[in-house]
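Work through the exercises below with the sequence and the coordinates at hand. Each task is followed by a stepwise solution.

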Amino acid sequence: MRAGLVADGGSDLKMILSYVDSLPTGDEKGLFYALDLGGTNFRVLRVQLGGKESRVVDTEFEQVAIPQELMHSTTEELFDFIASELARFAAKESARFRWPQGRKGEIGFTFSFPVRQTSIDSGIFIKWTKGFAVSGTAGKDVVECLKEAMKRQGLDMRVSALVNDAVGTLAGAHYWDEDVVVAVILGTGTNACYIERMDAIAKMGKLADGSGKTIINTEWGAFSTGLPLTVFDRDMDSESINPGEQIFEKTISGMYLGEIVRRVLLKMAKASALFGYPVPDKLSTPFVLRTPDLCAMQQDDSKDLKEVETILSNTIGATYSTLGARKIVVEVCDTIVKRGGRLAGAGIVGILQKMERDSKGLVFGKRTVVAMDGGLYEHYPQYRNYLKEAVTELLGFEISRNVIIEHTKDGSGIGAALLAASNSKHVS
């Protein structure tokens, strides 16, 4: 972490500046919009803020699926679709929301793809992930792309804040609870960010103000050095679209856990006729076993593991399985998920220890909150428990009592609207 703060490229961890140096205080008032583009769906929200007394007065949101063909289209086509949906949503404003006369609408834009942020309201696009292959975006400012599309739609709005989902989650959670200092996303992919002192960021040069704080986006999924990997991890990595990259993400996030389990089961089936002979064909299909399947199998508490039998039959075509084989499958799921949860917990402890050492004991002596979002954390109880157990084990019981890990559902959208408010061009 420290190496990444000294210089760009100094570490596996990119330690990206968010340019968020004024977190929401609770004083924010007015109507603000958020656009949350994180994957195959995006959300549009509007949030009415009422200041310290009433906080978030009202919210409304819609989720929109991005048509498959637009994931492989041009920048203009994708952003035109997003802007048209935003315009349609804005046109449906209800009486519950009060729009100040003569004021431009302001948006917080959550963009959860790699971007080199250049200010609070601008960022240069690096590359598409999550199955997107949109042409013509590399090297462009994503805020400008959205602005141009809004102009083509006749929509008069201003982007006041560009944030990634982890940063939005931290801002949203901190608004309700000032003890929140770290936010972690654990879903299909993973990321973490935290509040850092400006004077600890050497790569900011003279801009590093000793009194101020900002949010650092670690991009921790890219951490790839020194992790203990198995042959199954190495084989999966070598066959992936980005070999040698995102190794931490490949061991802890929802996209990959099922695939690691599939590879273990395939080897066992070949070596020991785990599912009889011949080995089921579908077991050789990459990513046929998904993390929700692992979760469902681990929740099966029936004597004969009937749910496990059904999932094995439906997903990998294992029409024959003994109770002993099903127990082994559950144990394999548990082993891979335990490792993932414990590594994620270790990552959280790493961030907290770095903050503690740099602040001379100002983190562990008091209530410290880690805001968590993402479907993997939310829906997989065993993963969640292993993560929390690892944090307790690594920090010790006394210190870990002050570390609160809290689920913050869909925090990044509201967080983006709050950051639009705290970086508003208008003074309330």
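**Exercise 1.** State which strands helix H11 lies across, and give its angle to E10.

Solution. Step 1: H11 (residues 323–358) lies across strand E9 (180–186), strand E10 (190–197), strand E12 (368–373) and E13. Helices (H or I, at least four residues) and strands (E, at least two) are DSSP runs, numbered from the N terminus. This is a predicted model, in which local features need pLDDT of at least 70 and side-chain atom pairs count only at pLDDT 80 or more, while totals for chains, interfaces and linings use all residues. Residues are numbered from 1 along each chain as its sequence is written, and side-chain values use heavy atoms, with hydrogens and water left out.
Step 2: H11 runs at about 10 degrees to E10. Axes are lines fitted to C-alpha atoms, for helices over the stretch in contact (heavy atoms within 4.5 Å), and angles run from 0 to 180 degrees between N-to-C directions.

**Exercise 2.** Give the strand order of the six-strand open sheet, then its edges.

Solution. Step 1: The order is E1-E11-E10-E9-E12-E13, with mixed pairing. Two strands pair if DSSP finds at least two bridges between them.
Step 2: E1 (16–17) and E13 (403–407) each have a single partner strand, so one side of each is left without a neighbour in the sheet.
Step 3: E1 runs antiparallel to E11 (residues 213–217), joined by two bridges; Leu17 has Ile216 in E11 as its bridge partner.

**Exercise 3.** Describe the five-strand open sheet and the helices packed on it.

Solution. Step 1: The order is E4-E3-E2-E5-E8 and the pairing is mixed. E4 and E8 are the edge strands, each with a single partner strand.
Step 2: From one strand to the next, the twist averages 20 degrees.
Step 3: E2 and E5 are parallel and share five bridges; Ala34 is partnered by Gly108 in E5.
Step 4: H3 touches E2, E3, E4, E5 and E8, at about 40 degrees to E3. H15 (residues 411–422) also touches E2, E3, E4, E5 and E8, and its direction makes about 130 degrees with that of E2.

**Exercise 4.** How do H3 and H4 pack, and which residues meet?

Solution. Step 1: The axes of H3 and H4 are 8 Å apart, at an angle of about 60 degrees.
Step 2: H3 and H4 are therefore oblique to each other, since angles under 35 degrees count as roughly parallel, over 145 as roughly antiparallel, 65 to 115 as roughly perpendicular and the rest as oblique.
Step 3: Among the H3 residues that meet H4 are Phe79 and Leu86; those in H4 include Leu146 and Met150.
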